[in-house]
Amino acid sequence: MASEFTPDGNVRNKRSTLKYVIYILIVLIATGISLMISLWGDNFRMVLDAMSQVDWRWFVLMLALVGLSYVFEALIIFVFCRLYTRKYKIHQGVACAFIGQFYSDVTPGASGGQAMQVYTMKSQGIQVSNAASIMVMSFILYQSTLIVFDIVALIVEWNKVISINVDIAEWGWHLPMWPIIFVGFLINLSVIVLLLFMSYSHHFHNFILRYVIGFLGRIRIIKNPDKSRESLRVQVENFKIELRHLAYNIPVLVIQVLFYVVILLIRNSIPYFSALACHAQGEWFDGGFSFVNMIHTC
């Protein structure tokens with residue numbers, strides 16, 4: 001009986017391999033076309049000139065830091081997945097991290113990253129409900145860490161970020177940055193605060209489900225209000241479950257927050273190393289590498 005299915009299995013395997021090859025070729029061709037369009041004309045010569053003068057030591061270090069940030073992202077996925085199964089391996093976390101980043105980059109508003117990570121975890125042996133829970137926990141910790149990271153950065157660099165000088169032709173003025181900073185914090189805080197209110201305030205929860213979604217349905221922004229209400233109710237319940245889950249796993253919580261801090265430091269320091277590679281001039285770059293200056297640029 002096994003021999004009867006072998007040819008058909010081989011055909012399926014060949015088709016699957018061909019499909020992946022085609023997908024890779026499409027991505028490579030699209031990347032090549034976009035690079036050709038963006039670098040057409042003088043831009044290409046300018047890029048070549050800049051690349052010919054790059055300090056390759058800093059450039060290689062910059063690439064290594066990019067890769068290291070994905071390693072830490074893979075560790076976050078790995079630690080969360082090990083809460084549900086002991087069979088999950090670190091290389092699966094690496095694959096999931098890269099897949100999530102790719103789909104975040106190619107979908108509008110980075111909306112496809114987490115959905116594809118859930119799908120990837122399912123193919124790696126994680127139940128869909130558990131994979132969705134992992135994404136919820138990851139979102140909570142990332143947003144919380146980002147807010148704390150930004151608050152510390154503002155306290156340290158307040159005098160330098162409160163306003164910037166803008167020079168256009170013969171005009172120059174100070175552009176106040178506090179409205180933009182306020183809006184940024186408001187956006188980051190609003191999602192978590194909204195979920196907390198919906199989770200622990202029944203009046204607010206009912207107000208959103210009944211009146212807000214109903215109003216959005218009447219003005220045709222939401223096509224199916226009943227389905228949206230059920231979806232939001234499930235998301236809020238998952239959020240409450242994962243908050244309790246995190247509260248009972250303090251060591252995991254601390255480790256994951258540290259990983260997110262390292263990721264934010266690494267990714268925010270990449271422009272600094274890029275500037276060093278391109279021989280940038282200024283108070284933060286004269287004299288070569290400085291850890292203090294790197295932290296300032298983060």
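**Group meeting: the largest pocket and the α3–α4 crossing**

Good morning. The largest pocket encloses about 1100 Å³ of space, a pocket being an open set of points on a 1 Å grid over the protein atoms alone, where a 1.4 Å probe fits and protein lies on both sides within 12 Å along at least five of seven lines. This is a predicted model, in which local features need pLDDT of at least 70 and side-chain atom pairs count only at pLDDT 80 or more, while totals for chains, interfaces and linings use all residues. Residues are numbered from 1 along each chain as its sequence is written, and side-chain values use heavy atoms, with hydrogens and water left out.

The pocket has 35 lining residues, meaning those with an atom within 4 Å of a point. Nearest its centre lie Q114, Q117, M135, S138 and F139. Among the elements giving two or more residues to this lining are α5 (113-123), α7 (178-200) and α10 (250-277); α6 gives the most, with 9 residues. Helices here are DSSP runs of H or I, at least four residues. By class, the lining holds 20 nonpolar, 12 polar and 3 charged residues.

I turn now to α3 and α4, which also contribute to that lining. The axes of α3 (residues 56-81) and α4 (residues 90-106) come within 8 Å and cross at roughly 115 degrees. The two helices are therefore roughly perpendicular (65 to 115 degrees). Their crossing is right-handed. In contact, that is, with heavy atoms within 4.5 Å, are residues including Y70, L75 and F78 of α3 and I90, V94 and F98 of α4. This contact comprises 10 nonpolar, 2 polar and 1 charged residues.

Terms used: Axes fitted to C-alpha atoms, helices over the stretch in contact; angles between N-to-C directions. Parallel < 35°, antiparallel > 145°, perpendicular 65-115°, else oblique. Left-handed = near helix turned anticlockwise from the far one by under 90°. Nonpolar A, V, L, I, M, F, W, Y, C, P; charged D, E, K, R; others polar. Points joined across faces, edges and corners; volume = space filled by probe spheres on them.
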